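Let's take a walk through this structure together. Keep the 3D view open and turn it as you read.

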Amino acid sequence: MTVLTAPAPAAVLTSGKLPKWAPWALLAGSFLVAFAVFGVAAIGGDLADFNIAGAAVVGILLYMVLVTVISSIAESRRKAVDRLMTALVATAFLIALLPLISLLWTVVANGIQRFDAEFFSFSMRNVVGEGGGIVHAIWGTILITLTAAVISVPIGLMTSIYLVEYGRGRIAKAITFFVDVMTGIPSIVAGLFIYAVFALVIGPGISMGIMGALALAVLMTPVVVRGSEELLRIVPNELREAAYALGVPKWLTILKVVLPTSIAGIMTSVMLSISRVIGETAPLLLTAGFTMSLNTNIFSGQMMTLPVFAYGQYMNQGTTPDAALDRAWASALTLILIVMVLNLLARLIAKWFAPKTSGR
Amino acid sequence: MSTTEQAPPVAPPVPPAPPAPIKAKQRPGDRVFSGSALGAGIIILIVLAAVATFLIIQSLPAFQLDTSDNHILKGESFWTYVWPLVFGTVWVSLIALLIAAPIAIGIALFISHYAPRRLAAVLGYIIDLLAAVPSVVFGLWGGLVLAPLLQPIYVWLNDNAGWIPFFGGQVSPTGKTIFTAAIVLAVMVIPIMTAICREVFLQTPKLHEEAALALGATRWEMVQMAVLPFARGGMVSAAMLALGRALGETMAVTMVLSPSAVVSFLLLTSTNPTPIPANIALAFPEAHDTGVNTLIATGLILFVVTFAVNALARWIVARRAEFSGAN
């Protein structure tokens with residue numbers, strides 16, 4: 001907060017300056033006051049119960065007013081504006097933290113209630129009311145996501161190799177542009193596209209696992225291309241030149257030099273893209289369908305997935321809404337855990353296998 | 001051997017004949033590999049072309065003049081059906097963007113220029129966590145936690161600020177309004193906007209910042225004079241990309257909104273305009289025959305709108321890259 005302080009040479013040349021601790025003391029003070037006021041109101045019966053959020057909001061507003069006024073009196077108007085903006089910027093960050101904390105807290109607190117053995121060993125077949133589990137949804141998610149990865153990783157990786165190692169001219173430019181466009185395809189449009197293709201080729205009203213996998217692959221490929229392209233580009237040219245100088249053909253150079261150097265990063269970006277599509281709901285809703293029983297054949301019959309399961313339990317709560325909502329929360333928790341584990345793995349891989357580079 | 005060594009007479013420099021460009025020997029491995037790399041790239045182009053073609057083919061039946069046997073259009077023209085949906089899509093995304101933009105820029109500034117250097121990476125990672133949460137979880141949270149939480153605030157807003165046109169009308173008893181959906185969308189796009197803004201802010205030339213500080217600017221004045229003007233293009237394109245994301249988001253909106261097909265600017269009532277993606281997700285399971293084609297046609301319109309927004313964003317980025325001092 002006081003980076004700009006210069007050792008004061010002569011008192012006359014410096015304007016007034018609040019001591020370093022002043023803003024912090026003000027912050028603590030305004031929070032104390034706000035909480036005291038709200039506490040008194042709660043005891044006095046004006047409020048139903050003690051309102052932490054309200055107290056925090058009032059505390060922050062109080063601090064902003066106080067610090068601006070005090071600073072403009074003791075320092076200068078410019079310093080006051082600076083302090084106000086510092087407070088605003090920090091508040092923006094705190095505001096973003098609120099939904100994250102609230103979301104994680106509610107998902108964990110509500111999801112833990114059905115986080116039992118039955119939940120992970122039964123499907124919803126013949127389950128009415130309470131009980132039931134998500135085995136079918138977990139299998140569906142794993143199979144569909146893996147198939148999507150098997151389709152999109154080779155295509156994405158080869159495309160990025162083309163863009164970095166071979167691509168010149170118009171085709172490369174077109175591919176770069178359209179990969180960008182593809183990143184922006186709304187997920188539900190990807191689902192509609194696959195549905196439209198299968199409706200034309202096979203007939204309308206069909207849904208099966210492979211359609212979901214294809215829809216996810218459409219969404220995943222551009223992410224893989226973007227990620228691995230960036231990583232292939234940072235492989236130093238000296239490595240390639242050294243290989244060429246030894247007479248290694250270009251394709252072997254790419255296979256044996258470029259890819260091994262960047263494999264850690266590429267695996268990371270693949271993991272991140274998987275964790276991105278594993279939570280997709282809309283395309284699967286249109287393509288993979290909706291079922292209560294376990295189906296492990298992606299080429300026939302509808303397939304349940306975790307996000308669609310959570311969505312279905314929320315939208316059609318049936319006769320026992322509490323049980324349905326508990327299942328929805330528990331599957332949301334499962335989904336979040338899977339995504340977090342994938343993210344963590346990705347970061348660990350990046351850390352463990354990162355090639356030693358010099359400089360930044 | 002002579003002891004006096006004389007420089008050899010300098011021969012007039014003969015310009016060396018330009019060497020014939022050395023062609024690498026074409027090996028079959030090379031051909032196969034480069035061919036398959038090119039093939040992969042072309043597959044992507046084909047897929048995109050296929051997306052457009054199949055969507056167009058499948059949506060043609062929706063544009064028939066006689067729509068009396070279409071169970072979704074029920075005799076109306078397609079455009080009367082789609083107009084409230086387009087309005088809903090744009091309206092909810094714009095509100096979300098209005099909420100998200102200042103917060104995201106604030107967070108990006110906080111991480112890049114205000115937070116202690118050592119904390120910045122951790123803080124950035126925390127914001128990225130928000131991006132990792134699946135949209136269906138946001139939907140659950142928005143519908144079951146946020147909506148009941150906001151409902152009393154809506155009542156209060158309606159009582160005290162009902163004279164503002166947006167807050168008028170009959171307040172929704174569930175809190176499942178377009179405003180709640182916009183807030184959830186804002187939370188979802190904040191990480192995207194923050195990530196891009198942060199990158200752009202960090203690219204501000206250090207010399208500009210130090211020059212401002214050396215002239216006695218406070219930190220905010222430095223940000224105002226050096227960082228924000230430099231980052232203007234980047235911030236605009238970040239906002240556009242976030243808008244593109246918000247336009248296509250389905251689940252969170254579907255689960256938070258109580259939908260109806262109206263054009264209404266009221267934020268707090270229970271008759272809300274429905275965005276296209278939410279409408280598709282809700283109507284698709286029951287749709288059949290030409291009804292499906294109608295929904296696919298709305299999807300096509302969504303595709304065109306997001307494509308336009310994204311292309312505009314890329315164009316702004318590209319323009320900025322050409323003229324910015326950083327390159």
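Start with chain B: of its 327 residues, 47% count as buried. Keep in mind that this is a predicted model, so every value here is computed from predicted coordinates.

What is chain B built from? Its secondary structure comes to ten helices and zero strands. If you follow the sequence from start to end, you read the pattern α-α-α-α-α-α-α-α-α-α. Now zoom out and look at the overall form of chain B. Its radius of gyration is 29 Å, while the globule rule gives 20 Å for 327 residues; the value is well over the rule, so chain B is more spread out than a compact globule. You can picture that with the spans of the C-alpha trace, which are about 110 × 60 × 30 Å along the principal axes of chain B.

How do parts of the chain meet in space? Take the contacts in chain B between residues at least 6 apart in sequence: 80% of them join residues at least 24 apart.

Next, bring chain A into the picture. Where the two chains touch, chain B puts in 67 residues and chain A puts in 71 residues. Which element of chain B gives the most to this side? That's helix α1 (residues 28-59) of chain B, with 19 residues. Sorted by class, the side of chain B that touches chain A holds 47 nonpolar, 15 polar and five charged residues.

Now let's stay with chain A. The domain assignment splits out domain 1 (11-113) and domain 2 (121-353) of chain A. Taken over C-alpha atoms, the centres of these two domains of chain A are separated by 42 Å. As for where they meet, five residues of domain 1 of chain A are in contact with six residues of domain 2 of chain A. On the domain 1 side of that meeting place in chain A, you'll find two nonpolar, three polar and no charged residues.

Finally, zoom in on a single residue, I263(A). You'll find I263(A) in helix α10 (residues 250-277) of chain A. Why does I263(A) count as partly exposed? Because it has 15 C-beta neighbours inside 10 Å, and a residue needs 20 or more to be buried but 12 or fewer to be exposed. To get a feel for distances in chain A, pair I263(A) with A41(A): they are 222 residues apart along the chain, and 61 Å separate their C-alpha atoms.

Note on methods: Residues numbered from 1 in each chain as written. Chains lettered and ligands numbered in written order. Predicted model: local features only at pLDDT ≥ 70, side-chain atom pairs only at ≥ 80, totals over all residues. Contact = placed C-beta atoms within 7 Å. Helix = DSSP H or I, 4+ residues; strand = E, 2+ residues; numbered from the N terminus. Nonpolar A, V, L, I, M, F, W, Y, C, P; charged D, E, K, R; others polar. Rg over C-alpha atoms; globule rule 2.2 N^0.38 Å. Domains from an automatic or database assignment.
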